[in-house]
Amino acid sequence: IFLFFITNIFSSEGICEIIPSDWIKSIVVIEQKDKDFKNYNLLGTGFLVGKSIKDKYYSCFLVTNRHVLEKETNIYVRLNKKDGKGFVRFKLDLTDEKGNILWKTPVDTDIDVAACPIALPENLDIKILLFDLFKSSDALLEGDRVIFYGFPKVAYQDNADIYKPAERAGIISLIENKYYLIDAMGFPGNS
């Protein structure tokens, strides 16, 4: 799930945008091959986050839910091409050459988040969100509005030329200790 906690973001024209339109380019489709290795099946949704190292170079990670990665060995990422003509699909390395797991999760297994380093091909229509954009969970309040994006299985097409995630909205209904109850409708595949 790609989740935004809404704050007012103002464009250069002074018009309030909830979320800058190019942020949607950070959202990716996560797939796996079917048992016959002929087709790809939707596994979940993720987003790209990174840290600027030098001018246009980034240390980049794919962030998704822990349950999307934890029992998988062959995962593919699908991103739109910069020219708007189709997409690029490539294998995401979940282990290094020695078999060590590359992706990381919080120590607390109740937190369903994972981050995996990702090397991106060129000529993609992407946006890498910088770490600085993310709020501490201490800044969130009950009643805050949220928007999340994902690729619900009901709308997923393996052969679509380009893809666009579905957008859903809701609110934080309850915060209890480290748990957040978000009142919004999600679909399988939004993970």
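I'll start with I111, which at 33% relative accessibility counts as partly exposed. This is a predicted model, so please hear everything that follows as a description of a prediction. I111 sits in the loop between β8 and β9. If we leave aside its neighbours within four places in sequence, I111 is in contact with R66 and P106. There is also K178 to mention: its C-alpha atom and that of I111 are separated by 8.9 Å, although the two residues are 67 apart along the chain.

Next, the charged pairs. How many salt bridges does a search of the whole structure find? The search finds four. I will go through three of them, and they include a network.

Let me take D125 and K25 to begin with. D125 forms a salt bridge with K25, and the closest N and O atoms are 3.1 Å apart. D125 lies in the loop between β9, residues 114-117, and β10, residues 129-130, while K25 lies in the loop between β3, residues 16-17, and β4, residues 27-33, so the pair ties together parts that are 100 residues apart in sequence. Are these two residues buried or exposed? Neither label applies: D125 counts as partly exposed at 27% relative accessibility, and K25 counts as partly exposed at 32%.

Now to E31. E31 forms a salt bridge with R78, with the closest N and O atoms 3.6 Å apart. That pair links distant parts of the chain, since E31 is in strand β4 and R78 is in strand β7, residues 75-80, and the two are 47 residues apart. Both E31 and R78 are buried. For E31 the relative accessible area is 0%, and because buried means under 20%, E31 falls in that class.

E31 has a further partner. R89 forms a salt bridge with E31, and here the closest N and O atoms are 2.7 Å apart. This pair also links distant parts of the chain, with R89 in strand β8, residues 87-92, and E31 in strand β4, 58 residues apart. R89 is partly exposed, with a relative accessible area of 24%. Taken together, E31, R78 and R89 are linked in a network of salt bridges. As background, side chains of opposite charge can pair when their charged atoms come close.

The two arginines of that network bring us to the strands that hold them. R78 is in β7 and R89 is in β8. β7 and β8 pair in the antiparallel sense over six bridges. Which residue is the bridge partner of Y76 in β8? The partner is K91. The hairpin of β7 and β8 has six residues between the strands, and in that hairpin G84 takes a positive phi near 75 degrees.

Staying with backbone angles, N123 has a positive phi of about 65 degrees although it is not a glycine. N123 lies in the loop between β9 and β10, and that loop is also where we found D125. At 57% relative accessibility, N123 counts as exposed.

One more loop residue is D34, found in the loop between β4 and β5, with β5 covering residues 40-54. Is D34 buried or exposed? D34 is buried, with a relative accessible area of 16%. Not counting residues up to four places away in sequence, D34 touches N39 and N41.

On to the cysteines. How many disulfides does a search of the whole structure find? The search finds zero. As a reminder, a disulfide is a covalent bond between the sulfur atoms of two cysteines. Two cysteines I can report on are C60 and C116: C60 is buried, with a relative accessible area of 8%, and C116 is buried as well, with a relative accessible area of 0%.

Last, the surface. Which residues make the nonpolar surface patch of about 250 Å²? The patch is made by L130, L133 and F134. F134 lies in the loop between β10 and β11, where β11 covers residues 145-150. At 39% relative accessibility, F134 counts as partly exposed.

To recap the charged part: E31, R78 and R89 are linked in a network of salt bridges, and D125 forms a salt bridge with K25. That is what I have for today.

Methods
Residues numbered from 1 in each chain as written. Predicted model: local features only at pLDDT ≥ 70, side-chain atom pairs only at ≥ 80, totals over all residues. Heavy atoms only, no water. Salt bridge = Lys/Arg side-chain N within 4 Å of Asp/Glu carboxyl O. Helix = DSSP H or I, 4+ residues; strand = E, 2+ residues; numbered from the N terminus. Buried < 20%, exposed > 50% of the residue type's maximum accessible area, 1.4 Å probe, protein only. Disulfide = S-S within 2.5 Å. Patch = residues over 30% accessible without salt bridge, like charges linked within 9 Å, V, L, I, M, F, W, Y side chains within 5 Å. Areas by Shrake-Rupley, 256 points an atom, 1.4 Å probe, with all protein chains shown as cover. Pairing = 2+ DSSP bridges. Contact = heavy atoms within 4.5 Å.
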